[in-house]
Amino acid sequence: MTVIDRQYLLNSNQMAEFVARGFLRFDELVPDEINQAVMRDIDQGAIKGVPAGTPLSQCYQGTAIRRMLDLPQIQGLIHSLVGEDPLFDHDAIHVREPNEGKAQGLHADSIIDTRAHFDIQIMYFPHDVPLEMGGTLLLPGSHFRRVNEMDVAAYQNMRGQIPMVCKAGAILVLHHGIWHCGRQNKTDRRRYMFKLRLNPAVRQLRLWNTDDLDEAYRAAKEIHTENYTRGDDIQSILSRREPWFEAASGRLEIVNRIKLWRFLTGDERFDVHYWMSRLENMPA
Ligand SMILES: [Fe+2]
């Protein structure tokens, strides 16, 4: 059993950010020595997947990927989102050749999957990715729009999309429902990205550092009746709009976020403003 240092667990605001946008981003997290070793391992075909359902603790022994996974920050974010020793689902080594003539269509890495339980996908970028190199593109907040794989591939340039432009060692951690694609590599260099999907092996309930949760709720109550989008608190994070949202308010997405926050906290009365309370008002 790995002992997780609590200082590396996510805090409640980070978890709310993940619930709201479907991803978290950590720049320059992995040291360059590991980045270089991972790219060597990729070139030598040394990274071997295992059967789906294998506990992560048993994967990648003796490789640079294992050293990346064992970084305390990575252990902390994995534990916060999918708990101790999640299951290996699959990995993918995405190598894009120089001046590749095409991009990937927008998609989700799943069939329609309506569970509240979620898998995470870790995307690891071991070298600098400038805009012209492509990299992953993602649509923040799309994870509640559960689609079937490439059904959304006809959509291009959605408002608010984020092209991953980063320094070496960046990590993206994604909800399995998020819409994304690999962009075209227009440089004369190879592009590498390592993706790893993990399934939770425990109920996803308050797995992060919840020490700040009571304080977050107190702050939320104080602004509950005022302008609920102004602060840096749970309610504000969960009510922040993405540019592609329906024009009036994006209420549907906010309701979806409330449902996931309730699932993760076990707090069935949690609300943002009055959106869920109104829907649940059914006097007998
Ligand atoms: Fe994908």
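This passage walks through the domains, two sets of paired strands and one helix of a predicted model.

Start with the overall layout. The domain assignment splits the protein chain into domain 1, covering 6–199, and domain 2, covering 211–280. Their C-alpha centres sit 27 Å apart. The two do touch: 15 residues of domain 1 are in contact with 19 residues of domain 2. On the domain 1 side, the touching residues break down into eight nonpolar, five polar and two charged.

Within domain 1, strand β6 (residues 170–175) is a good place to look. Six of its six residues are buried, so the strand is largely enclosed by the rest of the structure. In a regular strand, side chains alternate between the two faces of the sheet. In β6, Ala170, Leu172 and Leu174 point one way, while Ile171, Val173 and His175 point the other, and all of them are buried. Being enclosed thus goes for residues pointing either way from β6.

As for partners, β6 pairs with strand β1 (residues 23–26) in the antiparallel sense, over four bridges. Here Leu24 has Val173 of β6 as its bridge partner. Strand β6 also pairs with strand β3 (residues 120–125), again antiparallel, and this time over six bridges. In that pairing, Gln121 is matched with Leu174 of β6. The two β6 residues named as bridge partners, Val173 and Leu174, point opposite ways from the strand.

Another set of strands makes up an open, three-stranded sheet, ordered β5-β4-β7 and paired antiparallel. Its edges are β5 (162–163) and β7 (180–183), each of which pairs on one side only. Strand β4 (residues 135–138) is joined to β5 by two bridges, with the strands running antiparallel. Leu138 finds its bridge partner in β5 at Ile162.

Over in domain 2, helix α7 (residues 251–265) has 15 residues, which at 1.5 Å a residue should span 21 Å; its end C-alpha atoms are 21 Å apart, so the expected and modelled spans agree. The expected figure counts one less than the number of residues, which is why 15 residues give 21 Å. The buried residues of α7 are Glu253, Ile254, Arg257, Ile258, Leu260, Trp261 and Leu264. These pack against three other helices, namely α1 (12–21), α6 (234–238) and α8 (275–280). Just after α7 comes Gly266, with a positive phi near 75°.

Notes: Residues are numbered from 1 along each chain as its sequence is written. This is a predicted model: local features need pLDDT of at least 70, side-chain atom pairs count only at pLDDT 80 or more; totals for chains, interfaces and linings use all residues. A residue is buried if 20 or more other C-beta atoms lie within 10 Å of its own, exposed if 12 or fewer, and partly exposed in between; C-beta atoms are placed from the backbone. Two strands pair if DSSP finds at least two bridges between them. Domain bounds come from an automatic or database domain assignment. Two residues are in contact if their C-beta atoms, placed from the backbone, lie within 7 Å. Ala, Val, Leu, Ile, Met, Phe, Trp, Tyr, Cys and Pro count as nonpolar, Asp, Glu, Lys and Arg as charged, and the others, Gly among them, as polar.
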